[in-house]
Structure formats: structure tokens, C-alpha cells
Amino acid sequence: QVQLVESGGGLVQAGGSLRLSCAISGRTFSSAAMGWFRQAPGKEREFVAAISWSGGNSDYADSVKGRFTISRDNAGNTVYLQMNSLKPEDTAVYYCARSPAYSSTVYYTKKEMYPYWGQGTQVTVSS
């Protein structure tokens, strides 16, 4: 079994920055793609960013490109989401997710590809 615990959320003014962390524990010896998703009240959970096991491949939602950066520390079993130039529309609960991958270069953008999820961390951006 795999456990994911997010941290780093909070309240920030528009234009500010936050760094989210996702600590991974359990059966983590296999390669895995990691993703960040978010869900605002009354909306579907949506893709934010994803990264391959190797860290060499990543992708972002158009709404966050140029502002957010996903990274990972496999030795430390942690994935990060650096969020800069935050906007009120970034307000949501942010979830990290993990998916076993057949290749170290694969990542996924669809939430259906991720069987393991954290409990989420709230990010609120005030205007």
C-alpha cells in the first residue's frame, strides 16, 4: 500500500507564492508517475501538473504554465509543486497522486490513471 500526505497549503494574497509538498510512504520501490490535481467547490477535480519517475518529463495545465513547477526527490520520497504568481482562481484543494508506471519517462494527465491519492491541502488566494 502507498500513502501520500500533502502539506504546504494556506492563505496567500494574489501574486504570492506557495510550495506544496507530497510525502510518499509505503511500497514505493517501483517506478511511478506523480501528479498534482485540484478541485474547487462545485467543480470537477482537474489536472494541474505531472512528472515522470525520472523527473525528465513533465506537463502542466494551460492555466498554470509558466507559474507552477513540479519537481520530485525520489531519494526523499517527496514531490513538490512550486506555485508562483498565484491568482484567486487558483483557490482549491490540491491533491497529489501516484501511478505505477511501466517506464521511467511516462507521466499521466488523466486522474483515472492514478490509483493512489492524498487527502488534499487547501490553497486559498485572496484578491
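This dialogue reads an open sheet and a cavity in a predicted model.

Reader: Start with the sheet. In what order do the strands of the open sheet lie?

Author: Sheet order need not be read off the numbering; follow the pairing. Here four strands form the open sheet, in the order 1-3-8-7. The pairing is antiparallel.

Reader: Which are the edge strands?

Author: Look for strands that pair on one side only. In this model they are strand 1, residues 2–7, and strand 7.

Reader: What does the twist average from one strand to the next?

Author: Twist is an angle between strands. In this sheet, the average is 15° from one strand to the next.

Reader: Take one pair. How many bridges join strand 1 to strand 3?

Author: Pairing rests on bridges; at least two are needed. Strand 1 and strand 3 have six. Strand 3 covers residues 18–26 and runs antiparallel to strand 1. For one contact to find on screen, go to Glu 6: its bridge partner in strand 3 is Cys 22.

Reader: Now the cavity. How many cavities of 30 Å³ or more are there?

Author: A cavity is a space where a probe fits but cannot get out. The count at that cut-off is one. The largest cavity has a volume of about 40 Å³.

Reader: Which residues lie nearest its centre?

Author: Ten residues line the largest cavity. Nearest its centre are Ile 24, Trp 53, Arg 72, Asn 74 and Asn 77. By type, the lining has three nonpolar, four polar and three charged residues.

Reader: Which strands each supply at least two residues of that lining?

Author: Strand 7, residues 68–73, and strand 8, residues 78–83. Both also belong to the open sheet.

Technical notes
Residues are numbered from 1 along each chain as its sequence is written. This is a predicted model: local features need pLDDT of at least 70, side-chain atom pairs count only at pLDDT 80 or more; totals for chains, interfaces and linings use all residues. Side-chain values use heavy atoms; hydrogens and water are left out. On a 1 Å grid over the protein atoms alone, a cavity is a set of points where a 1.4 Å probe fits but cannot get out, and a pocket is an open set with protein on both sides within 12 Å along at least five of seven lines; lining residues have an atom within 4 Å of a point. Grid points are joined across faces, edges and corners, and a volume is the space filled by probe spheres set on the points. Ala, Val, Leu, Ile, Met, Phe, Trp, Tyr, Cys and Pro count as nonpolar, Asp, Glu, Lys and Arg as charged, and the others, Gly among them, as polar. Axes are lines fitted to C-alpha atoms, for helices over the stretch in contact, and angles run from 0 to 180 degrees between N-to-C directions.
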